[in-house]
Amino acid sequence: MAIINRNESSWIPVIIGSETLTKVAVQSAAEFLGARIPMTSNARQTPRDAGVGAALAANGDAYSGENITDDVVTLKTFKWTGSVGLTDEDLHDAPQNIVAVRAAGFLRTYNVTFDNAVFGVTGAQSDTVANGRPYESVYNAVLTADSGASYTASANYASSASIAGTGGYATLNTWLSVYETSDYFDPDRSFIVAHPSLKAELRGVVDKNGRPIFDDMVQGTVNGYVDEASSRDVPNLFGCPLFFSKGAKTAAAATNAPGGNPLLIVGNRDHLLVGYNSSYGTSADPAGRIVEQPNADVSLMMFRSRRAFHVGFPQAFSVLEVTS
C-alpha cells in the first residue's frame with residue numbers, strides 16, 4: 001500500500017520525557033564532541049584562517065607584510081531517515097513503551113552510522129545519496145592533500161598491525177605526538193575516539209617499565225559542546241578523554257555495522273564541525289512523528305535528522321589504523 005502523507009501531525013522531538021532516549025542519544029561521539037554549526041540552508045561556508053606571520057623590525061622600519069589568502073570549508077547537510085509501522089493494538093496496550101523502544105532502535109542505528117560517516121568512511125565525499133559518503137570523514141581528510149591548509153596527504157596518518165605491548169606504546173606515542181606538535185593542539189579541547197574492539201589491546205599496552213598505560217575505569221567528566229549543557233564520564237588515554245564508538249571503523253559507505261579496520265583518532269574538537277538545521281531540532285537527537293495510515297489500524301512512526309559535517313584543518317587530527 002502506498003504511503004500517503006498527512007499534514008495534521010507536526011514533528012515532535014522523540015527525546016522529550018524519555019530517560020532511555022537521552023542515554024542512547026549521547027552514544028554518538030561526533031554529536032557530543034562536534035562544534036555545532038547552525039545551518040539555515042543546504043550548505044554553509046566556514047572561513048579557515050591562513051595565519052599571519054611575524055618578523056623583527058628596527059625602530060622606524062616599515063612593518064613587514066604579506067598577502068594572506070584565507071579559504072573556506074563547505075558544510076553540506078544531508079538527511080538521515082527511518083520509519084517503522086506501529087499497530088493500533090501496540091499503541092493502545094503500551095503507548096510509551098513501544099514508542100520508546102522503536103525510537104531507541106532508530107537512535108542506536110543513527111548514532112553509529114553518523115559516527116561512521118564522520119570518522120571512518122574511506123572514500124571521497126559524494127553528493128549522490130546512494131554512494132553513502134555524504135561527508136569527507138576524518139579518515140579520508142588525513143589521507144588527502146589539502147592545498148588550502150598546506151597539508152600533505154597522509155602526513156597525520158599511521159597504521160599498525162597491533163598496538164599491544166611495549167611496541168604498541170611506541171606506536172601510540174608517535175601517533176599522538178603528530179597531533180601534539182601541530183599548531184592545532186589544545187589540551188583543553190583534545191579528545192580520542194576509538195573502536196571498542198581496541199579495548200583489549202589498549203589494556204595490554206605497557207610503557208618501557210612494563211606498566212599498563214590504560215585503565216578503562218572512569219577518570220574524568222567531559223562537557224558537551226553546546227552550552228556545556230551535557231556531560232559524560234569517560235576514561236583517559238595519555239591525558240586525553242577517551243570515547244569509544246562503534247562507528248570508528250573503516251567502511252566504503254556509511255553503515256551501522258562497519259566491517260573494516262578499527263581506528264584510533266585524536267584531535268581538537270573545535271575542528272570537528274557538525275552542522276545542524278534548526279527546523280529538524282537543535283538538540284543532538286533526531287525528531288520523530290507518528291502519522292496515521294488510511295484504511296488500516298497502523299500508524300507510521302518516522303524519524304529524521306539533518307546534519308552536515310566537515311573537518312576544519314586536517315592537521316588538527318591524527319589517525320591510527322589497526323590492520324590486524
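# Reading burial, strands, cores and salt bridges in a predicted model

Student: Is Gln-27 buried, exposed or partly exposed, and what is its relative accessible area?
Tutor: In this predicted model, Gln-27 sits in the loop that connects α1 (19-25) with α2 (29-33). A residue counts as buried under 20% relative accessible area and as exposed over 50%. Gln-27 falls between these limits and is therefore partly exposed, with a relative accessible area of 45%.

Student: Which residues are in contact with Gln-27, leaving aside its neighbours within four places in sequence?
Tutor: The surroundings of Gln-27 include parts of the chain that are remote in sequence, since its C-alpha atom is separated by 7.4 Å from that of Ser-245, 218 residues apart along the chain. With the neighbours within four places set aside, the residues in contact with Gln-27 are Asn-111, Asp-115 and Arg-232.

Student: Among contacts in the chain between residues at least 6 apart in sequence, what percentage join residues at least 24 apart?
Tutor: The chain is built from seven helices and 16 strands, and of its 324 residues 45% count as buried. For contacts between residues at least 6 apart in sequence, the share that joins residues at least 24 apart is 75%.

Student: How many residues of strand β13 (residues 272-277) are buried?
Tutor: In a regular strand, side chains alternate between the two faces of the sheet, so each face can be examined in turn. On one side of β13, Leu-272, Val-274 and Tyr-276 are buried, and on the other side Leu-273, Gly-275 and Asn-277 are buried as well. The strand is thus mostly covered, and the number of its residues that are buried is six of six.

Student: Which residue of β15 stands opposite Leu-273?
Tutor: Strand β13 has bridges to β2 (residues 35-39), five of them, in a parallel arrangement, and there Leu-273 is the bridge partner of Ala-35. Another five bridges join β13 to β15 (residues 298-311), and these two strands run antiparallel. In β15, the residue opposite Leu-273 is His-310.

Student: Which helix gives the most to the largest nonpolar core?
Tutor: Nonpolar side chains tend to be buried together in soluble globular proteins. The largest nonpolar core here holds 44 residues, of which Phe-119, Val-138, Phe-243, Leu-272 and Phe-317 touch the most other members. With eight residues, the helix that gives the most to this core is α4 (residues 95-119).

Student: How many residues does the other core have, the one that lies apart and has Leu-202 and Val-322 among them?
Tutor: Val-138, a member of the largest core, touches residues including Val-118, Phe-119, Ile-265, Leu-272 and Phe-317, when those up to four places away in sequence are not counted. Apart from that core lies another, with Leu-202, Leu-237, Val-266 and Val-322 among its members, and its number of residues is 19.

Student: Which strands are the edge strands of the open sheet?
Tutor: The open sheet has six strands in the order β6-β16-β12-β7-β11-β10, and its pairing is mixed. Each edge strand pairs on one side only, and the edge strands are β6 (157-160) and β10 (236-237).

Student: Which residue of β16 does Ser-159 stand opposite?
Tutor: Strands β6 and β16 (residues 317-322) are joined by four bridges and run parallel. Across this pairing, Ser-159 stands opposite Glu-321.

Student: How many residues apart in sequence are the parts that the pair of Lys-76 and Asp-127 ties together?
Tutor: The closest N and O atoms of Lys-76 and Asp-127 are 3.0 Å apart, and the two residues form a salt bridge. Lys-76 belongs to strand β4 (residues 71-76) and Asp-127 to the loop between α4 and α5 (138-143), so the distance in sequence between the parts tied together is 51 residues.

Student: How far apart are the closest N and O atoms of the salt bridge between Arg-203 and Asp-216?
Tutor: Both partners are partly exposed, Arg-203 with a relative accessible area of 41% and Asp-216 at 31% relative accessibility. Arg-203 forms a salt bridge with Asp-216, and the separation of the closest N and O atoms is 2.7 Å.

Student: Does Asp-207 count as buried or exposed?
Tutor: Asp-207 is the partner of Arg-211 in a salt bridge whose closest N and O atoms are 3.0 Å apart. The relative accessibility of Asp-207 is 11%, under the 20% limit, and therefore Asp-207 counts as buried.

Note on methods
Residues numbered from 1 in each chain as written. Predicted model: local features only at pLDDT ≥ 70, side-chain atom pairs only at ≥ 80, totals over all residues. Heavy atoms only, no water. Buried < 20%, exposed > 50% of the residue type's maximum accessible area, 1.4 Å probe, protein only. Contact = heavy atoms within 4.5 Å. Pairing = 2+ DSSP bridges. Core = buried A, V, L, I, M, F, W, Y, C linked by side-chain atoms within 4.5 Å. Salt bridge = Lys/Arg side-chain N within 4 Å of Asp/Glu carboxyl O.
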